[in-house]
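Biologist: I'd like to learn how to read a structure feature by feature. Could you walk me through one?

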Amino acid sequence: MDIAVYMTEVGQQARAAATLVARSTTDVRNRALLATAEALDGARNELAEANASDLASARESGLDAAMLDRLELTPARIDAMIEGLRQVASLPDPIGAITDMTYRPSGIQVGKMRVPLGVIGIIYESRPNVTVEAASLCLKSGNATILRGGSESLHSNQAIALCLARGLAEVGLPESAVQVVKTTDRAAVGELITMPDYVDVIVPRGGKGLIERISRDARVPVIKHLDGVCHVYIDSHADPEKALSVAVNAKTHRYGTCNTMETLLVDKEIAADMLPLLGPAFIEKGVELRGCEQTREILTDIKAATEADWREEYLAPVLAVRVVDGLDGAIAHINRYSSQHTDSIITENYTRARRFITEVDSSSVMVNASTRFADGFEYGLGAEIGISTDKIHARGPVGLEGLTSQKYVVFGDGHIRT
């Protein structure tokens, strides 16, 4: 297979399909999603066989247990994919909504209309259910999409692609509106991210290495975040019980997610009181603590933190702890070391809370809440394509609206400019 020729054909087909999807009605796109759900339900045996082939190959190649778990399509996960399609179909459609309509002194009306981005390329690893999630969000928001999954899930993704094609055909939309790349050749990724004539935006979902490569080499705009170095700062005006509950949840609810707290900051005024409460709570959960010098004067049995720990996304039961000089010290630390993902302050002082959310430069900033809430579903977006720490276009959890743009619309009645 000539990869460049193949990917060009995929891009051309996606561009043509994007026009048809963009002008389709909400009802048509919703029916396509529901028809895909029915197709998945009717293809459980085929999905299981394809997934079994992927799992067998993955075991032979020595994939670790965690990756095998992410790769597996259990009956419950197929149920979840089907339910996810139905949920996305039930979400409000952002396309065509006109806002901010105002009359100008000239008599014209000016507003903004929400429109699809066009063709979205999504590059992801391992989990085949991402194929359905990504396709459903792109289709609902009026976009065509090109999906490039991991080589370890090729057969599973192709089986899912057949169900997506059936759902699209059921309502008369082109099957090329959702294309799953059929080759595992890494050159296909290189082509996908350098086709600005056919692809409008790239969304990478995977490890830091993948995202760094995409960000470095892409000639197409990228919606991404590299890592989640998330902080919780316990202010001297914090409620101790609230602070303990939120901090423990932010770290131990799940370790391997990008919105998990990786560094805990404690105001020096309350460190002597709070750290003896926090230390045992984390240690009981099996969390390894690494502290600054002041922290280790109070929690004497923990490891010393290094400069590298303040920048580390552990994705594991490890937590860096630092005593800071009040709110100024916390904000300075976060803006220096944060990955601009999610940061939270625990305080009962309204003025300090307002300063924190104003001065901390992250895509999600919280007051008295666990960083684990930084999620599209929890934000009321219904679902998300990923998290963006970029400052242009979408920022934070990217849902349906994040897969759209706006254009100005003007209404007149024969108006001319004089």
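**Reading the features**

Modeller: Let's begin at the surface: Phe411 counts as partly exposed because its relative accessibility is 43%. Keep in mind that this is a predicted model.

Biologist: Which residues share a nonpolar surface patch with Phe411?

Modeller: Ile98 and Met101 do; together with Phe411 they have about 250 Å² of accessible area. Phe411 itself belongs to strand β16, residues 404–411.

Biologist: Next topic, sheets. How do I read one?

Modeller: The general idea is that strands of a sheet pair through backbone hydrogen bonds, either parallel or antiparallel. Here you'll find an open sheet of seven strands with parallel pairing, in the order β10-β9-β11-β8-β7-β12-β13.

Biologist: Which strands stand at the edges of that sheet?

Modeller: β10 (303–304) and β13 (364–367) do; each has a single partner strand, so one side of each is left without a neighbour in the sheet. For β10, two bridges join it to β9 (residues 288–291), and the two strands run parallel. One residue pair to click on is Arg290 with its bridge partner Lys303 in β10.

Biologist: And inside the order, how many bridges pair β7 with β8?

Modeller: Five, again in the parallel sense, with β7 covering residues 230–234. Try Val232, whose bridge partner in β8 is Leu264.

Biologist: Is strand β8 enclosed or open to the outside, and why?

Modeller: Seven of the seven residues of β8 (residues 261–267) are buried, so the strand is largely enclosed by the rest of the structure.

Biologist: Now charges. What's the general idea behind a salt bridge?

Modeller: Side chains of opposite charge can pair when their charged atoms come close. In this model there are 25 salt bridges. One of them involves β8: Lys251 pairs with Glu262, with the closest N and O atoms 2.7 Å apart. That pair links distant parts of the chain, since Lys251 sits in helix α10 (residues 240–252) and Glu262 in strand β8, eleven residues apart.

Biologist: Are Lys251 and Glu262 buried or exposed?

Modeller: Both Lys251 and Glu262 are buried.

Biologist: Which residues are linked in a salt-bridge network?

Modeller: Look back at the β9 and β10 pairing: Glu288, Arg290, Lys303 and Asp309 are linked in a network of salt bridges. Within that network, Arg290 and Glu288 bring their closest N and O atoms to 2.7 Å. Arg290 counts as partly exposed because its relative accessibility is 22%, and Glu288 is partly exposed at 26%.

Biologist: What about Glu133, which partner does its side chain meet?

Modeller: Arg205, at 3.8 Å from N to O. Here the two residues are 72 apart in the chain, with Arg205 in strand β6 (residues 201–205) and Glu133 in helix α6. Glu133 has 30% relative accessibility, so it counts as partly exposed.

Biologist: Helix α6 again, then. Which contact does Thr131 make with its side chain?

Modeller: The side chain of Thr131 makes a polar contact of 2.7 Å with the side chain of Asn157. Thr131 lies in helix α6, residues 129–140, and counts as buried because its relative accessibility is 0%.

Biologist: Can you show me a polar case that involves the backbone?

Modeller: Sure, take Ser388: a polar atom of its side chain lies 3.2 Å from the backbone nitrogen of Asp390. Ser388 is in strand β14, residues 386–388, and with 0% relative accessibility it counts as buried.

Biologist: Last topic: how many disulfides does a search of the whole structure find?

Modeller: Zero.

Biologist: Why is Cys138 not bonded to Cys163?

Modeller: The closest cysteine sulfur to that of Cys138 is in Cys163, and because it is 18 Å away, it is too far for a bond. For scale, a disulfide needs the two sulfurs within 2.5 Å. Viewed from the other end, Cys163 is in no disulfide either, with the sulfur of Cys138 as its nearest.

Biologist: Are those two cysteines, Cys138 and Cys163, buried or exposed?

Modeller: Cys138 counts as buried at 0% relative accessibility, and Cys163 counts as buried at 1%.

Notes
Residues are numbered from 1 along each chain as its sequence is written. This is a predicted model: local features need pLDDT of at least 70, side-chain atom pairs count only at pLDDT 80 or more; totals for chains, interfaces and linings use all residues. Side-chain values use heavy atoms; hydrogens and water are left out. Patches are made of residues with over 30% relative accessible area and no salt bridge: like charges are joined within 9 Å, nonpolar side chains (Val, Leu, Ile, Met, Phe, Trp, Tyr) within 5 Å. Accessible areas come from the Shrake-Rupley method with a 1.4 Å probe; for residues, only the protein chains shown count as cover. A salt bridge is a side-chain nitrogen of Lys or Arg within 4 Å of a carboxyl oxygen of Asp or Glu. Helices (H or I, at least four residues) and strands (E, at least two) are DSSP runs, numbered from the N terminus. Buried means under 20% relative accessible area, exposed over 50%, partly exposed in between (1.4 Å probe, protein chains only). Two strands pair if DSSP finds at least two bridges between them. A polar contact is a pair of N or O atoms within 3.5 Å; within protein, one must be able to donate a hydrogen and the other to accept it, and residues adjacent in sequence count only if both atoms are side-chain atoms.
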